[in-house]
Amino acid sequence: MTPQDLLVENTQPTTQAKQPMSQSIKRIGVLTGGGDCPGLNAVIRAVTKTAMYRYGLEVYGIEDAYLGLLRNRISPLSADDVSNILTTGGTILGSCNKCNPAAYDANGDGNPQDVTDRCLEHVKENDLDALVCIGGDGTMSGAAFLVEKGINCIGVPKTIDNDIFGTDITFGFDTAVTVATDALDRVHTTAASHHRAMIVEVMGRNAGWIALHAGVASGADVILLPEIDYDLDVISNYVQERSRKGKRFTILCVSEGSKPVGGELVAKIDPTSPDPVKLGGVGYVLAEQIQAMSGIETRCTVLGYVQRGGTPTPDDRVLGTQFGSAAIEALMQGKRNRMIVMQENRVTDIDILSVANKQRTVPLDHPLIDAARAVGTCFGD
Ligand code: F6P
């Protein structure tokens, strides 16, 4: 073997091709929809390599989710295309959270149209026998319209928010918690130096999973979740009480979907998006209110998109790889319209149609809430 040979990647199947139960599947399409999240490339890689190496399938990448299906931006993926992407953030296929096949507002004039048939034509034109749809609840809802028209769609759930119904965990969540925990740890030292209350606002939409896990991991004094409406008096008193006890700083981990008892969410509306309520900013509102009520200087950092960018953690790479290969196994076992999930530490699958328009929020009796309360954490209630 020459040194040159060592530089040439072996893209040949390393395992013996398995005999598929589903003989009818020869070519599949793969797409990533919704907000991006660390671990998407791990799934694309696992889908493509499992499909090619184990079953000799052809894999086609669909750009920008259902928009690529609508515009026929579909091209073959090779093993080389998915080489060296396991550790990278984002998605090599691109994503889009503005195209729902059943209601696509092409002109942005508030007049959405059903473009499912056009998407269908492109599935047929490209001879795609099935689609692997990697995404969140919006992507699964989009897949449901294609399923109704007879397209076999296998879903792979993704989101940093960890709020997809039917699965105990989604990839991306671990990375987001790691980033949020690091931010809270960093804020801790500056809060202590300046004797301030410091708020870190984290993502999560209407589910408090990121706030709960990062808050507990960093020992935040106050954790606010969308599932528990907060009372400003309780928070302000808690901050003052800490100060009276000689604790000269307070760390608050606030979920973007938190709201006061009887109050409103802090959000902007994006009418062009199928998910038009864009949360964000409750941390700034709270900072002003806490400072005014407690007399303690309060600052806010909104973490935003850094939580879903960049390198996935090892756990997210592992989960993405498991989910991606499980999607192909499900397909080749002849399953139709399933979504891959993790339940009680087992990778399995559920009906993709059972997922649409549902959200998995933090149950109020979750043991982590109880453990946090036991160590004195305030949930604002
Ligand atoms: O990916 C989920 C999420 O990060 C939510 O936590 C957040 O509210 C939302 O996406 C914002 O994403 P976008 O601005 O892309 O709609």
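Trainee: Where does P112 lie in this model?

Mentor: In this predicted model, P112 sits in the loop between strand 3 (74-77) and helix 4 (116-125).

Trainee: Leaving aside neighbours within four places in sequence, which residues is P112 in contact with?

Mentor: Those are A103, Y104 and D105. They are called contacts because heavy atoms come within 4.5 Å.

Trainee: How far apart are the C-alpha atoms of P112 and P367?

Mentor: They are separated by 43 Å, with the two positions 255 residues apart along the chain. P367 brings us to helix 11, which spans residues 367-374.

Trainee: How do you describe the way helix 7 and helix 11 pack?

Mentor: Two packed helices are described by the angle between their axes and the distance between the axes. Here helix 7 (residues 209-218) meets helix 11 at an angle of about 35°, and the axes are 11 Å apart. Helix 7 passes helix 11 in a left-handed crossing. On the helix 7 side, L212, H213 and V216 make the contact, while helix 11 contributes L368, I369 and A372.

Trainee: How many residues of that contact are nonpolar, polar or charged?

Mentor: The split is 5 nonpolar, 1 polar and no charged. Leu, Val, Ile and Ala count as nonpolar, so H213 is the polar one.

Trainee: Now the ligand. What makes the pairing of Y305 with the ligand a polar contact?

Mentor: A polar side-chain atom of Y305 lies 2.5 Å from a ligand oxygen atom. The cut-off is 3.5 Å for a pair of N or O atoms, so this pair qualifies. R308 also places a polar side-chain atom 3.0 Å from an oxygen atom of the ligand. With G204, a backbone N or O atom lies 3.0 Å from a ligand oxygen.

Trainee: How much of the ligand does the protein bury?

Mentor: Taken alone, the ligand exposes 400 Å², and the protein buries 83% of that. Residues around the ligand include N97, D161, E256 and K278.

Notes. Residues are numbered from 1 along each chain as its sequence is written. This is a predicted model: local features need pLDDT of at least 70, side-chain atom pairs count only at pLDDT 80 or more; totals for chains, interfaces and linings use all residues. Side-chain values use heavy atoms; hydrogens and water are left out. Axes are lines fitted to C-alpha atoms, for helices over the stretch in contact, and angles run from 0 to 180 degrees between N-to-C directions. Helices (H or I, at least four residues) and strands (E, at least two) are DSSP runs, numbered from the N terminus. A crossing is left-handed if the near helix is turned anticlockwise from the far one by less than a right angle, and right-handed if clockwise. A residue is near a molecule or strand if one of its heavy atoms lies within 4 Å of it. A polar contact is a pair of N or O atoms within 3.5 Å; within protein, one must be able to donate a hydrogen and the other to accept it, and residues adjacent in sequence count only if both atoms are side-chain atoms. Accessible areas come from the Shrake-Rupley method with a 1.4 Å probe; for residues, only the protein chains shown count as cover.
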